[in-house]
Amino acid sequence: MYSSQVLIAGGGPTGLWLACELRRYGIDVTILEQRSSRTGESRAGGLHARSLEILGSRGLADRFVAAGRRVPFAHFAGLWLEMGRLDTAYPYVLGLVQSRIEALLEDHLLELGTKVRWGAGIAEVVPFADHVEVTTATGERFTAGYLVGCDGGRSTVRRRLGIPFDGTDATVSSMLADVRLAEPPGPIFQRRTPLGDFSVLQLEAGHHRLMLNHYEPATTTAPPDLAEFRAAFTALAGTDFGLHSPQWISRYHDAARLAARYRDGRVLLAGDAAHIHWPAGGQGLNTGLQDATNLGWKLALTVNGHAPAPTAPTLVNTPPVAPPTAPSPADLTTRTAAELNALATGAPAAAPTEGLALLDTYEAERRPVAARVLANTRAQTALCRPGPHTDALRATVADLLTIPEANDRLAAMVAGLDQADRAPTTPLAPGRGTLTAPPETLTTASPWADRVEARPDTCERLVRPDGHIAWSGGPGLHEALTTWFGPPTAR
């Protein structure tokens, strides 16, 4: 039986990045991947600003930026969003296919001394109180302190644990093909028709992605071939633009599902294993990378014995507070529009925080983020449907997006930047938190010197390893250090 501190099921972007994050803390990691090798399929098409900020905080962003193409626009339901005003060093979408992202992540993982075990898909998971045992489809057995399922929307780990994966069924049937075109229409081309919509995007020199959507459930789940895709695309577009030499053809849909819990004892979920949705705006891969960033340092502190005792931390990325009770007619003149809109839309209640262990804050912080992504992709599905009512709604939304504040609000959401507690310009210490403050304040952090790097600065700020601010001056530094980095080391 093979043994490691953490097992990761799945060698896609989420699993690879989680392994990189854990290795930064010296954690012994094994990645089990069902595939026998990388397929070269292009799959997801880019990195958003928040993911690039995270990579930049690890000194890796330049590798990815050099390999990709900067696109100054994102989109929401095919309505274009300007990115240039966003408060980030990366005000663009980086066009870079998933196969290249995976290759760069795997190169970095090799630098950190870990390889992917190919052809090792998980068949059985047996959790115990103090460890987890796994058997692969080939009969190999592994044991670890923790198992993280990063094995996609059809996650074996999630199914073996019996974690519910509830949500909405597919209402859209979509296909895409990454091909060469004899007669390309331009770098970006899209049209809506009474039967559905289609688009053509240039991925990299010589290659384009063709996509089509029919707004009804698919009648088959079989992978499409080139002939089926050509016929369906031509029926919508009136031409196939001379497509040939396919790299990848796929069928997908807009089913949206969210795991009922992200942790079950010593087993956790991340990426598509925890949430799936229509790939509108390219948010799925990026959400998975950010899951891994949030989980990695918390799991490392737990494995290394530095996890704080259960507490009631101030969480990042939490949903709004519970909406007020229904107003009486007299209340309508005293409530704000935001309060009334929260009532009208059924805004979710705040997640409880009392008694949370450090690993439980992963779900408390990241599950609401995924829920918001599911909500905004469902909204995009609604905005894309054919028909005069949707056309009128799209025209209204398009007009609103000419207002810079409205554009920037949606652009920040898609880019993962709608988080007020980010610290994107603070250089982060490798594998540790970062405290910047005047020298007299830095002494407070001395008992955490093995987990927090202290730097003299006039800006008072305690930044977690995932780049979120845990304290920003005033009282409470000792409590913040204890909450997020465990008890002080005895001197």
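The questions and answers below go through a predicted model.

Reader: Which residues does the UniProt annotation "domain: FAD-binding" cover?
Author: The name comes from an unreviewed UniProt entry. In the model, the annotated span is 26% helix and 35% strand, and its end C-alpha atoms lie 23 Å apart. The annotation covers residues 4-308.

Reader: Which residues form a nonpolar patch on the surface with F73?
Author: F73 is found in strand β5, which runs over residues 73-76. Its relative accessible area is 37%, so F73 is partly exposed. The patch has about 270 Å² of accessible area together, and the residues that form it with F73 are W80 and I188.

Reader: What span is expected for helix α10?
Author: Helix α10 covers residues 388-400 and has 13 residues. From its first C-alpha to its last it reaches 19 Å. That is close to the expected value, which at 1.5 Å a residue is 18 Å.

Reader: Within what arc do the buried residues of α10 fall?
Author: The buried residues in α10 are T390, R394 and V397. An α-helix has 3.6 residues a turn, so residues three or four places apart point the same way. Seen down the axis of α10, the buried residues line one face of the helix, because they fall within an arc of 65°.

Reader: Which exposed residues does the face of α10 turned away from its buried side carry?
Author: The buried side of α10 holds T390, R394 and V397. The face turned away from it carries the exposed residues P388, H389 and D399.

Reader: Is F241 buried or exposed?
Author: F241 is in the loop between α6 (226-237) and β17 (243-253). Its phi is positive, about 55°, although F241 is not a glycine. Buried means under 20% relative accessible area. At 10% relative accessibility, F241 therefore counts as buried.

Reader: What is the phi of S245?
Author: The place of S245 is in strand β17. At 41% relative accessibility, S245 counts as partly exposed. S245 is a residue other than glycine, and its phi is positive, near 50°.

Reader: How far apart are the closest N and O atoms of E82 and R85?
Author: The structure holds 27 salt bridges, as counted in the model. One of the residues here, E82, is partly exposed with a relative accessible area of 40%, and R85 counts as partly exposed at 42%. E82 forms a salt bridge with R85, and the closest N and O atoms are 3.3 Å apart.

Reader: With which residue does R160 form a salt bridge?
Author: R160 is partly exposed, with a relative accessible area of 43%. The closest N and O atoms of the pair are 3.8 Å apart. The pair links distant parts of the chain, 36 residues apart: R160 is in helix α5 (residues 156-161), and its partner is in strand β9 (residues 122-127). That partner, partly exposed at 42% relative accessible area, is E124.

Reader: Which residue of the salt bridge between E228 and R251 counts as buried?
Author: The closest N and O atoms of E228 and R251 are 3.2 Å apart. The pair links distant parts of the chain, with E228 in helix α6 and R251 in strand β17, 23 residues apart. At 31% relative accessibility, E228 counts as partly exposed. The residue that counts as buried, at 19% relative accessibility, is R251.

Reader: Which residues are joined into one network by salt bridges that share partners?
Author: A salt bridge here has a side-chain nitrogen of Lys or Arg within 4 Å of a carboxyl oxygen of Asp or Glu. Where such bridges share partners, they join residues into one network, made of K298, E365, R464 and D466.

Reader: How far apart in space are G238 and T219?
Author: G238 lies in the loop between α6 and β17. At 63% relative accessibility, G238 counts as exposed. G238 and T219 are 19 residues apart in sequence; in space, C-alpha to C-alpha, they are apart by 23 Å.

Reader: How far apart in space are T441 and E21?
Author: T441 is in helix α12 (residues 439-442). T441 is buried, with a relative accessible area of 17%. T441 and E21 are 420 residues apart in sequence, and their C-alpha to C-alpha distance in space is 29 Å.

Definitions and conventions: Residues numbered from 1 in each chain as written. Predicted model: local features only at pLDDT ≥ 70, side-chain atom pairs only at ≥ 80, totals over all residues. Heavy atoms only, no water. UniProt positions renumbered as here; feature names shortened; annotations may be inferred. Helix = DSSP H or I, 4+ residues; strand = E, 2+ residues; numbered from the N terminus. Patch = residues over 30% accessible without salt bridge, like charges linked within 9 Å, V, L, I, M, F, W, Y side chains within 5 Å. Areas by Shrake-Rupley, 256 points an atom, 1.4 Å probe, with all protein chains shown as cover. Buried < 20%, exposed > 50% of the residue type's maximum accessible area, 1.4 Å probe, protein only. Expected span 1.5 Å × (residues − 1). Arc of directions from axis to C-beta.
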